[in-house]
Structure formats: structure tokens, C-alpha cells
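Student: Could you take a close look at one charged pair for me, and then keep going from there to whatever else seems worth a look? Please keep it chatty, but don't skip the numbers.

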Amino acid sequence: MNIFEALRNDHDIQRDLLEKLVDTSGDSKTRDEIFKKLRTELEVHADAEERYFYKPLIDSDKTQDKARHSIAEHHEIDELIEKLEETDYSSSAWLKIAKDLQEKVEHHLDEEEHEVFQMAGKVLSEKNKKSLAKDYEDHMAKER
Ligand SMILES: [Fe+2]
Ligand SMILES: [Fe+2]
């Protein structure tokens, strides 16, 4: 497995959880369970991705700007998660924020897969792509 495949697999987990999340309603056990699962997925993924994907990309002039842009989006995603934490599950605003989160994350994942991966493919060596995947997977297994 290379780093792109590893990241893409987890992006699909996020897409699936987001779809399930916006299908929940009110102060329900399902909403609570899916939200907590998604929150962990997003946080652990962003952390591992910054360490084992964006770190080497920031070190290269060709990919530095793109990497910084993506990391800024991780912070915007964090802020939406915080907003959800501060809002009651029973509030009508909750679903609205959850939909904003879905839109933001899906945009972010598409941009990573369609723009960042392309550029990164030229910057990282084949050996690098494999060893980063292993480091990324190890981190995910430990922190998830
Ligand atoms: Fe990301
Ligand atoms: Fe990602």
C-alpha cells in the first residue's frame, strides 16, 4: 500500500460517517455514536496526515503552499466540530452545522485526492510513498 491508498481508504470512512450523520435526528443515541466516531476519525486522521504526508510536502517548494492550505482547512474543520460540541443535539441548528461540516470535509477530501495527491506524486519517491503509508497506518492503529 502507498500513502495515497492509505489516505483514500480513510477518506471513504469519513464520507460514509458524514452521510450517516446528516441522516440522524434530535437527541438520539445514533447521533451521539456517529458524531463521536466521526470526530475521532477526523481528528486522528488530520494529525497522522500532517505528520506523515504534509510534513514532507512542506519541505518541498513545489508543494509547500498546497500543504499549508490543507492544514488551514484542518483547522476550519476543527472549528466546526467544536461548534457541534457546543450545540445541543436537540437544537435545530445542529443538523445545519453538521451539513456545513459535511460540505467542508467533502470539499477538503476531493481537493486532497484530485490536486494534492497529483503534486505529491511527483515530489515523493516510491520508497517514501510506501514508508509513509506504514507510518501513517501505525499511527492510526494506535490512536483511533
Ligand atoms: Fe486532510
Ligand atoms: Fe485527508
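Tutor: Let's start with Glu 126, which counts as exposed at 56% relative accessibility. Keep in mind that this is a predicted model. The partner of Glu 126 is Lys 129, and the closest N and O atoms of this salt bridge are 2.9 Å apart. Lys 129 has a relative accessible area of 8%, so this end of the pair is buried. Both residues sit in helix H5, and because they are three residues apart there, about one helical turn separates them. That fits the usual geometry: with 3.6 residues a turn in an α-helix, residues three or four places apart point the same way.

Now put that pair in context. The whole count comes to 17 salt bridges. One of them joins Arg 144 to Glu 41, with the closest N and O atoms 2.7 Å apart. Here the partners come from distant parts of the chain: Arg 144 is in the segment after helix H5 (126-143), Glu 41 is in helix H2, and their positions lie 103 residues apart in sequence. Arg 144 is partly exposed, at 45% relative accessible area, whereas Glu 41 is buried at 7%. Another salt bridge runs from Lys 55 to Asp 59, with a closest N to O distance of 3.6 Å; Asp 59 counts as exposed, at 56% relative accessibility. There is also a network of salt bridges, linking Arg 8, Asp 12, Arg 15, Asp 110 and Glu 113.

Glu 41 has already taken us into H2, so let's stay with that helix. H2 has 30 residues and spans 41 Å from its first C-alpha to its last, close to the 44 Å expected at 1.5 Å a residue. A kink of about 45 degrees interrupts H2, centred on Glu 50. The residue just before it in the numbering is worth a stop, since Glu 49 bridges the iron ion (ligand 1) and the iron ion (ligand 2), which are 3.1 Å apart. Glu 49 belongs to H2 (residues 29-58) and His 108 to H4 (residues 93-123), so this pair of donors ties together parts 59 residues apart in sequence.

Take the iron ion (ligand 1) on its own. Its coordinating residues are Glu 49 (OE), His 74 (NE2), His 108 (NE2) and Glu 112 (OE), at 2.1 to 2.2 Å. Written as a spacing, these donors read E-x24-H-x33-H-x3-E. The four donor atoms subtend angles of 83 to 168 degrees, which makes the arrangement irregular. As for burial, Glu 49 has a relative accessible area of 0%, and His 108 is buried too, at 3%.

Next door, the iron ion (ligand 2) is coordinated by His 11 (NE2), His 45 (NE2), Glu 49 (OE) and Glu 112 (OE), at 2.0 to 2.2 Å. The spacing of these donors is H-x33-H-x3-E-x62-E, and the angles among the four donor atoms run from 86 to 172 degrees, so this site is irregular as well. Glu 49 in helix H2 and Glu 112 in helix H4 are both donors here, so the pair ties together parts 63 residues apart in sequence. Glu 49 and Glu 112 are both buried.

That brings us to H4. Its 31 residues reach 43 Å from first C-alpha to last, close to the 45 Å expected at 1.5 Å a residue. H4 has its own bend, of about 40 degrees, at Val 116.

One last stop: the aromatics. The whole structure holds seven aromatic pairs. In one of them, the ring centres of Phe 4 and Phe 53 are 6.2 Å apart and the planes meet at 90 degrees, so the pair is edge-to-face. Phe 4 lies in helix H1 (residues 3-21) and Phe 53 in helix H2, 49 residues apart. Phe 4 also pairs with Phe 117: centres 5.0 Å apart, planes at 45 degrees, so that pair is tilted. With Phe 117 in helix H4 and Phe 4 in helix H1, the contact ties together parts 113 residues apart in sequence. Both Phe 4 and Phe 117 are buried, and Phe 53 is buried as well. Add Tyr 54, and Phe 4, Phe 53, Tyr 54 and Phe 117 make up one aromatic cluster.

Conventions:
Residues are numbered from 1 along each chain as its sequence is written. Chains are lettered from A and ligands numbered from 1 in the order in which they are written. This is a predicted model: local features need pLDDT of at least 70, side-chain atom pairs count only at pLDDT 80 or more; totals for chains, interfaces and linings use all residues. Side-chain values use heavy atoms; hydrogens and water are left out. Donors are N, O and S atoms within 2.8 Å of the metal (3.2 Å for Na, K and Ca); water is not among the atoms, so sites may look incomplete. Four donors count as tetrahedral if all angles lie between 85 and 135 degrees; four count as square planar and six as octahedral if opposite donors are over 155 degrees apart and all others between 65 and 115; anything else is irregular. Helices (H or I, at least four residues) and strands (E, at least two) are DSSP runs, numbered from the N terminus. Buried means under 20% relative accessible area, exposed over 50%, partly exposed in between (1.4 Å probe, protein chains only). The expected span of a helix is 1.5 Å times one less than its number of residues. The bend at a residue is the angle between axes fitted to the seven residues ending there and the seven starting there. A salt bridge is a side-chain nitrogen of Lys or Arg within 4 Å of a carboxyl oxygen of Asp or Glu. Rings of Phe, Tyr and Trp (its six-membered ring) pair if their centres lie within 6.5 Å; planes under 30 degrees apart count as stacked, over 60 as edge-to-face and the rest as tilted.
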